[in-house]
Amino acid sequence: MSTPANLRITPTAIHDVLVIEPKVFGDERGWFTESFNAADFAVTTDLDVEFVQDNHSFSRQWTLRGLHYQLEKIQGKLVRVVAGSVFDVVVDIRKDSPTYGKWVGLELSAENHQQLWIPPKLAHGFLVLSDTAEFLYKTTNYYHPQSEACLAWNDPTVGIEWPLPAGIAPNMNAKDLAGLSWEKAPKF
């Protein structure tokens with residue numbers, strides 16, 4: 001991959017999942033960053049994707065959202081945090097992938113400006129670490145609620161190590177609490 005001077009790429013343990021760090025220009029007044037540039041993204045990732053929808057969520061501390069994916073109108077996602085911090089997780093559910101069944105997690109925050117490229121056909125979720133967090137993501141397809149699936153956040157086969165303090169249960173909605181086990185969750 002070729003990298004423009006204003007972007008830094010770090011591969012993760014799951015192939016195709018990339019940490020993207022835009023250059024941040026700062027001085028005593030504050031900072032500026034170009035959070036997305038289609039041409040730089042294409043050159044950096046060697047991907048030809050078109051983003052069609054932007055989503056913005058606000059969550060309180062210890063809220064856990066996910067692990068979501070869509071079986072139809074499958075989405076690639078470029079995610080980032082603009083206020084607060086989250087522990088972001090991606091699970092590879094592609095049967096033909098060498099990292100099938102593996103997960104990666106990292107902290108995304110307003111301070112570190114890191115973004116994560118999540119290719120289609122992966123499950124995704126996050127846990128809010130700060131008092132509140134605002135999470136933004138671009139998607140390569142429109143949301144299709146009829147085909148949404150949810151992998152259980154705490155499935156022992158996947159074994160995600162969520163950074164929850166002892167005695168704290170995540171704040172989740174009914175849909176996410178009913179997430180499917182690794183055995184029952186549809187895969188690609």
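Here are some notes on the sheets, cores and largest pocket of this predicted model.

1. Start with the open sheet. Its 5 strands come in the order β9-β8-β11-β6-β13, and the pairing is antiparallel. β9 (103-109) and β13 (148-150) sit at the edges with a single partner strand each, so one side of each has no neighbour in the sheet. On average, neighbouring strands here are turned by 25° against each other, ignoring direction.

2. Have a look at the β13 edge. Strand β6 (residues 64-70) runs antiparallel to β13, and 3 bridges join the two. If you want a residue pair to find the register by, take Y69, which stands opposite A149 in β13.

3. Next, strand β7 (residues 77-83), which has two pairings to check. With strand β10 (residues 115-118), β7 pairs in the antiparallel sense over 4 bridges; L78 has W117 as its bridge partner in β10. β7 also runs antiparallel to β12, with 6 bridges joining them, and there R80 stands opposite L136.

4. On to the nonpolar cores. The largest has 19 residues, and the members that touch the most others are L67, V91, L151 and W162. Three strands, β6, β8 (85-92) and β11 (122-128), each put at least two residues into this core. A second core, separate from that one, has 17 residues, among them V17, V81, L116 and I118.

5. L67 deserves a click of its own. Setting aside neighbours within four places in sequence, its contacts include V89 and V91, then A123, H124 and G125, and further along the chain the run A149, C150, L151, A152 and W153. I160 and W162 are in contact with L67 too. Recall that W162 is also among the residues touching the most other members of the largest core.

6. Finally, the largest pocket, with a volume of about 420 Å³. It is lined by 24 residues, of which H68, K77, Y137, Y143 and E148 are the closest to its centre. The elements giving two or more residues to the lining are β5 (53-60), β6, β11, β12 (132-139) and α2 (174-177). Which strand gives the largest share of that lining? That would be β6, with 5 residues.

7. One strand to keep in view is β6. In the open sheet, β6 stands between β11 and β13 in the order; β6 supplies at least two residues of the largest core, and the largest share of the pocket lining comes from β6 as well. I'd colour that strand before going through the other points.

Terms used
Residues numbered from 1 in each chain as written. Predicted model: local features only at pLDDT ≥ 70, side-chain atom pairs only at ≥ 80, totals over all residues. Heavy atoms only, no water. Pairing = 2+ DSSP bridges. Axes fitted to C-alpha atoms, helices over the stretch in contact; angles between N-to-C directions. Core = buried A, V, L, I, M, F, W, Y, C linked by side-chain atoms within 4.5 Å. Buried < 20%, exposed > 50% of the residue type's maximum accessible area, 1.4 Å probe, protein only. Contact = heavy atoms within 4.5 Å. 1 Å grid on protein atoms, 1.4 Å probe; cavity = no way out; pocket = protein on both sides within 12 Å on 5 of 7 lines; lining within 4 Å. Points joined across faces, edges and corners; volume = space filled by probe spheres on them.
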